[in-house]
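Visitor: I am new to this structure and should be grateful for a close look at a single part of it. Please take the strands and how they are arranged, together with the residues that surround them.

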Amino acid sequence: MRLEWAPLAIADRESIFDYIMPENLDAALALDELFERKAALLGAHPEVGRVGRVRGTRELVAHRHYVLVYDPDPDRVRILRVLHTSRQWPPLRPATKAQKRAKRVKSTKPRSARAK
């Protein structure tokens with residue numbers, strides 16, 4: 001099965017590498033190689049990961065601190081993100097207009113006084 005890395009997943013990997021590399025180049029290289037090995041496993045066994053928190057995705061714990069979020073299709077596996085386990089996933093949705101209105105603090109002045 002074909003394996004693809006989405007642009008966000010590539011950016012995630014680069015960011016993780018760049019963060020770790022100044023302190024420990026060997027650890028940064030080893031972690032990036034681990035991501036490659038785990039992704040290759042998905043090419044052979046796409047159902048190995050758990051059902052994802054986002055509909056249509058699956059998640060594989062690549063390391064105790066990192067999860068590969070992927071989209072298994074019949075002809076390919078697409079790695080969507082490489083996320084640290086401390087990050088919010090899925091991202092919070094933007095507030096709706098009704099939610100924004102509910103959060104506004106109401107003024108104690110009448111409307112006519114506020115307009116002046």
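**The strands and their surroundings**

Guide: Of the contacts in the protein chain between residues at least 6 apart in sequence, 44% join residues at least 24 apart. The model is a predicted one, and its protein chain holds four helices and five strands. Read from the N terminus, these elements follow the pattern β-α-α-β-β-β-β-α-α.

The five strands form an open sheet, in the order β1-β5-β4-β3-β2 and with mixed pairing. Strand β1 (2–5) and strand β2 are at the edges; each has a single partner strand, so one side of each has no neighbour in the sheet. Strands of a sheet pair through backbone hydrogen bonds, in either the parallel or the antiparallel sense.

We may enter the sheet from the edge at β2. This strand covers residues 50–51 and pairs with β3, residues 58–63, in the antiparallel sense over two bridges. Within this pairing, V51 faces R58 of β3. The two strands make a hairpin with six residues between them, and G56 in its turn has a positive phi of about 85 degrees. As background, most residues other than glycine have a negative phi.

On to the next pairing: β3 and β4 (residues 66–72) are antiparallel as well, and five bridges link them. Here L60 is opposite L68 of β4. Two residues form the connection in the hairpin that joins β3 to β4.

One residue of β3 deserves a closer look, namely E59. Is E59 buried or exposed? E59 has a relative accessible area of 2%, so it counts as buried. Its side chain makes a polar contact of 2.9 Å with the side chain of R53. Apart from residues up to four places away in sequence, E59 touches G49, R50, G52, R53, V67, L68, V69, Y70 and W89. R50 in that list falls within β2, residues 50–51, while V67, L68, V69 and Y70 fall within β4, residues 66–72.

Strand β4 also takes part in an aromatic pair. The whole structure has one such pair. It consists of F35 and Y66, whose ring centres are 5.5 Å apart and whose planes meet at 75 degrees, so the pair is edge-to-face. F35 belongs to helix α2 (residues 25–44) and Y66 to strand β4; the two are 31 residues apart, and the pair thus links distant parts of the chain. Both F35 and Y66 are buried.

From β4 we pass to β5, which stands between β1 and β4 in the order of the sheet. Strand β5 spans residues 76–84 and includes R81. The relative accessibility of R81 is 14%, and for this reason R81 counts as buried. A polar contact of 2.7 Å runs from the side chain of R81 to that of D12. With neighbours within four places in sequence left aside, R81 is in contact with L8, A9, D12, V67, L68, V69, R87 and W89. V67, L68, V69 and W89 are thus found among the contacts of R81 and also among those of E59.

H84 is another residue of β5. At 27% relative accessibility, H84 is partly exposed. Its side chain is joined to that of S86 by a polar contact of 2.9 Å. Beyond residues up to four places away in sequence, H84 touches H65 and Y66, and Y66 is a member of the aromatic pair described above. D12, the polar partner of R81, is 72 residues from H84 along the chain, yet the C-alpha atoms of D12 and H84 are separated by 9.3 Å.

After β5 the chain enters the loop that leads to α3 (97–103), and P90 is found there. The peptide bond from W89 to P90 is cis, with omega near -5 degrees. In general, most peptide bonds are trans. W89 has already been met as a contact of E59 and of R81.

At the other edge of the sheet is β1 (2–5). R13 lies over the face of W5, 4.4 Å from the centre of the ring.

A few values for the whole chain complete the picture. Of its 116 residues, 29% are buried. The chain exposes about 8,600 Å², of which carbon and sulfur atoms supply 54%.

Definitions and conventions
Residues numbered from 1 in each chain as written. Predicted model: local features only at pLDDT ≥ 70, side-chain atom pairs only at ≥ 80, totals over all residues. Heavy atoms only, no water. Pairing = 2+ DSSP bridges. Buried < 20%, exposed > 50% of the residue type's maximum accessible area, 1.4 Å probe, protein only. Contact = heavy atoms within 4.5 Å. Areas by Shrake-Rupley, 256 points an atom, 1.4 Å probe, with all protein chains shown as cover. Phe/Tyr/Trp six-rings, centres within 6.5 Å; stacked < 30°, edge-to-face > 60°. Lys NZ or Arg CZ within 6 Å of the ring centre and 35° of its normal. Polar contact = N/O pair within 3.5 Å; in protein donor to acceptor, adjacent residues only side chain to side chain.
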